[in-house]
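Student: I am new to this structure and would like a close look at one part of it. Could you walk me through how its strands are put together?

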Amino acid sequence: MSEPRPAPPTDLPGDGSAGVDLRVGAYAIVTDPQARVLLAHWQEGVKGGWTLPGGGLEPGEHPEAAVVREVREETGFDVEIVELLGVDSIVIPASRRLVDRAQRDAAPRALQALRIVYRCRVVGGELRDEVGGSTDEADWFTPGEVAGLHRVALVTTGLRMAGIHVPQTHDPTLL
């Protein structure tokens, strides 16, 4: 068994517990027989990029149920979980956080995003774009195509967990 790696430093003041919201999400790495990866295009106001299909857990929802629900909502596919690939955590400082309309008048708070990543396989459904949600498009991409996409860092993190190599580009397009 390998030694646990030390936790990276955070951008949080003091003990790190004050002024931090926690968001737990479940995300999927889904590939097809041509070794393409399923991604969803996330859009939040003027910000956007390609991401792994998935999203936040509803209160009381199990992460496995959340990833199946989110993939269906964002891509039209029914999936089953093959395996847990890993868990990733990032802290987004308050100054870089996107907030929804309901939170705009509140004092900004940092956000810790805990991301649970599963390998899933398609068992039904048809590719379609989400309407009225946080994503506006879904599609399949080869790892070479992924390298050139404007994407969130979670794509690279999840693909690395899955052992899928994305070629380096001279101009990283990570959000």
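Tutor: Let's start with a single pair of residues: His-41 has Glu-137, in strand 7, as its bridge partner. Keep in mind as we go that this is a predicted model. That bridge belongs to the pairing of strand 2, residues 37-44, with strand 7, which is antiparallel and spans 6 bridges. Step back a little, and you can see an open sheet of 3 strands in the order 3-2-7, with antiparallel pairing. At its edges are strand 3 (47-51) and strand 7 (135-141), each of which pairs on one side only. On average, neighbouring strands here are turned by 20° against each other, ignoring direction.

Now for the other sheet. Four strands make up an open sheet with the order 4-1-6-5, and here the pairing is mixed. Strand 4 (54-56) and strand 5 (77-92) each have a single partner strand, so each has one side without a neighbour in the sheet. The average turn between neighbouring strands of this sheet, direction ignored, is 20°. Within it, strand 1 (residues 20-30) runs parallel to strand 6 (residues 110-125), and the two pair over 11 bridges. You can find one residue pair to look at there: Val-24 has Leu-114 of strand 6 as its bridge partner.

Helices join the picture too. Helix 1, residues 63-75, packs on this sheet and touches strand 1, strand 4, strand 5 and strand 6. Its direction makes about 105° with that of strand 5. Helix 3, residues 153-161, lies across strand 1, strand 5 and strand 6, and runs at about 120° to strand 5.

Note on methods. Residues are numbered from 1 along each chain as its sequence is written. This is a predicted model: local features need pLDDT of at least 70, side-chain atom pairs count only at pLDDT 80 or more; totals for chains, interfaces and linings use all residues. Side-chain values use heavy atoms; hydrogens and water are left out. Two strands pair if DSSP finds at least two bridges between them. Axes are lines fitted to C-alpha atoms, for helices over the stretch in contact, and angles run from 0 to 180 degrees between N-to-C directions. Contact means heavy atoms within 4.5 Å.
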